[in-house]
Amino acid sequence: MSARLTEWKVELSAGTIAAGAVTFTVTNVGSIPHALEVEGQGIEQATGVIQPGASATLTLTLKPGTYAVYCPVGNDSHKQLGMETELKVGPATGATALDYDAGTMSMRTPGIKAIRVTGGGTVIQILPGPFPFPDSAAPILQQFGDEREGLESQVKNGPYSNNVARAAGTFAFTAWDKGATRDSVDGVAEFATQDGARWKLVLDRVQTKDVPHHPRFGGVILGLYYHGNTAVHTPLVPTINSAVALWAFGHLYKNGTLVTDNAMVHVMLLSRTRRDGDFALACWDCSKNKVDELQLQILPGPGEPKFDAPGGFLFVNWEKSGSTKSAN
Ligand SMILES: [Cu+2]
């Protein structure tokens with residue numbers, strides 16, 4: 001039996017097999033780490049985490065019955081995104097003739113496709129400083145290859161710090177998660193930073209290009225558990241659960257003057273990472289916290305100069321934000 005894992009499907013080479021010993025050869029053909037778990041009839045067994053492009057095997061002795069076969073990575077967030085299928089096990093070969101299915105597809109119910117997010121609560125600007133959980137991030141950084149050096153310098157002094165300043169402003173957007181090619185975003189952020197500068201960002205197109213360790217999921221992904229210890233995107237953000245994550249190009253203005261049409265933007269509505277009061281990062285694993293922190297991260301486009309802001313970047317959070325989802 002072979003199994004293929006990808007975002008967000010589990011495909012088995014057969015949907016029905018005979019009882020007895022079976023070896024699953026599991027290949028991760030996706031762009032982030034996955035695993036395979038088989039559950040049912042008193043059995044719950046899984047492979048270890050399988051890196052993109054790698055394979056693993058899992059040998060089990062299965063009794064007749066129905067089994068759930070799914071990816072257990074990300075506190076079941078991958079399962080909820082569709083990485084689940086069913087395996088039927090019939091009587092042992094020889095007892096009864098069996099019909100073998102020619103392969104099964106996961107059946108993800110079409111559901112929520114759009115989200116409207118409105119920033120609220122205290123607005124803070126993140127200033128350069130050290131990342132407060134360097135020991136937790138260190139083993140994950142080892143997996144980041146060429147990027148490691150740049151990330152390690154951000155551990156010492158980067159945009160994921162406890163160094164924050166009050167800001168003021170608004171941010172609202174709608175994002176559509178419609179697969180690999182039809183995602184989109186429409187929104188505007190307007191905020192004033194402590195130096196008195198007034199910034200405006202207009203979002204109207206998504207970034208879709210996957211970079212190793214930084215899959216974009218077509219630009220918009222609703223419901224993802226990542227960052228931190230997942231090795232999916234930078235580990236300099238704690239492990240979080242997000243209602244929406246998106247990557248976009250933005251039109252950025254400062255005091256009414258265009259700065260760039262190619263600002264690199266990452267937005268998440270996520271399980272909160274900062275505590276009230278001083279807004280320091282409060283947890284390395286923040287995935288169980290309430291999802292009400294809205295993060296806006298703006299960096300210069302490729303080859304463009306740093307922004308005229310502390311550290312050359314604009315990272316702004318709205319600490320009590322909300323969202324509504326809809327089907328289209
Ligand atoms: Cu997975």
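Which residues is Asn163 in contact with, leaving aside its neighbours within four places in sequence? I started my notes there, keeping in mind that this is a predicted model.

**Entry 1: Asn163**

I looked up the contacts and got Gln125, Ile126, Leu127 and Pro128, with neighbours within four places in sequence left aside. Asn163 itself sits in the loop between α3 (148-156) and β12 (164-176). I then checked for a polar partner and found that the side chain of Asn163 reaches the backbone oxygen of Pro128 at 2.9 Å. Buried or exposed? I get a relative accessible area of 39% for Asn163, so I put it down as partly exposed, since buried would need under 20% and exposed over 50%. For a sense of distance I also picked Pro91: Asn163 and Pro91 are 72 residues apart in sequence, and their C-alpha atoms are 63 Å apart in space.

**Entry 2: Ser161**

Next I went to Ser161, which is also placed in the loop between α3 and β12. Its relative accessibility comes out at 0%, so Ser161 counts as buried. What does its side chain reach? I found the backbone nitrogen of Asn163, at 3.0 Å from the side chain of Ser161. Then I listed the contacts of Ser161, again without neighbours within four places in sequence: Ile126, Leu127, Pro128, Gly129, Pro130, Arg274 and Leu281. Ile126, Leu127 and Pro128 are on my list for Asn163 as well.

**Entry 3: helix α2**

Which residues of α2 (residues 134-141) are buried? I noted Ala137, Ile140 and Leu141. Their directions cover an arc of only 95° around the axis, so these residues lie on the same side of α2. I wanted to know what covers them, and α3 is included in that cover.

**Entry 4: the largest pocket**

Last, I turned to the empty space. The largest pocket holds about 950 Å³. How many residues line the largest pocket? I count 34 in the lining, and the ones nearest the centre are Gln154, Tyr160, Met264, Leu299 and Phe315. I checked which elements contribute: α3, β17 (257-271) and β18 (291-299) each supply at least two lining residues. By type, the lining splits into 15 nonpolar, 15 polar and four charged residues.

**Recap**

I met α3 in several places: it helps cover the buried residues of α2, it supplies at least two residues to the lining of the largest pocket, and the loop between α3 and β12 holds Asn163 and Ser161.

Note on methods
Residues are numbered from 1 along each chain as its sequence is written. This is a predicted model: local features need pLDDT of at least 70, side-chain atom pairs count only at pLDDT 80 or more; totals for chains, interfaces and linings use all residues. Side-chain values use heavy atoms; hydrogens and water are left out. Helices (H or I, at least four residues) and strands (E, at least two) are DSSP runs, numbered from the N terminus. Buried means under 20% relative accessible area, exposed over 50%, partly exposed in between (1.4 Å probe, protein chains only). Contact means heavy atoms within 4.5 Å. A polar contact is a pair of N or O atoms within 3.5 Å; within protein, one must be able to donate a hydrogen and the other to accept it, and residues adjacent in sequence count only if both atoms are side-chain atoms. The arc is that of the directions from the helix axis to the C-beta atoms. On a 1 Å grid over the protein atoms alone, a cavity is a set of points where a 1.4 Å probe fits but cannot get out, and a pocket is an open set with protein on both sides within 12 Å along at least five of seven lines; lining residues have an atom within 4 Å of a point. Grid points are joined across faces, edges and corners, and a volume is the space filled by probe spheres set on the points. Ala, Val, Leu, Ile, Met, Phe, Trp, Tyr, Cys and Pro count as nonpolar, Asp, Glu, Lys and Arg as charged, and the others, Gly among them, as polar.
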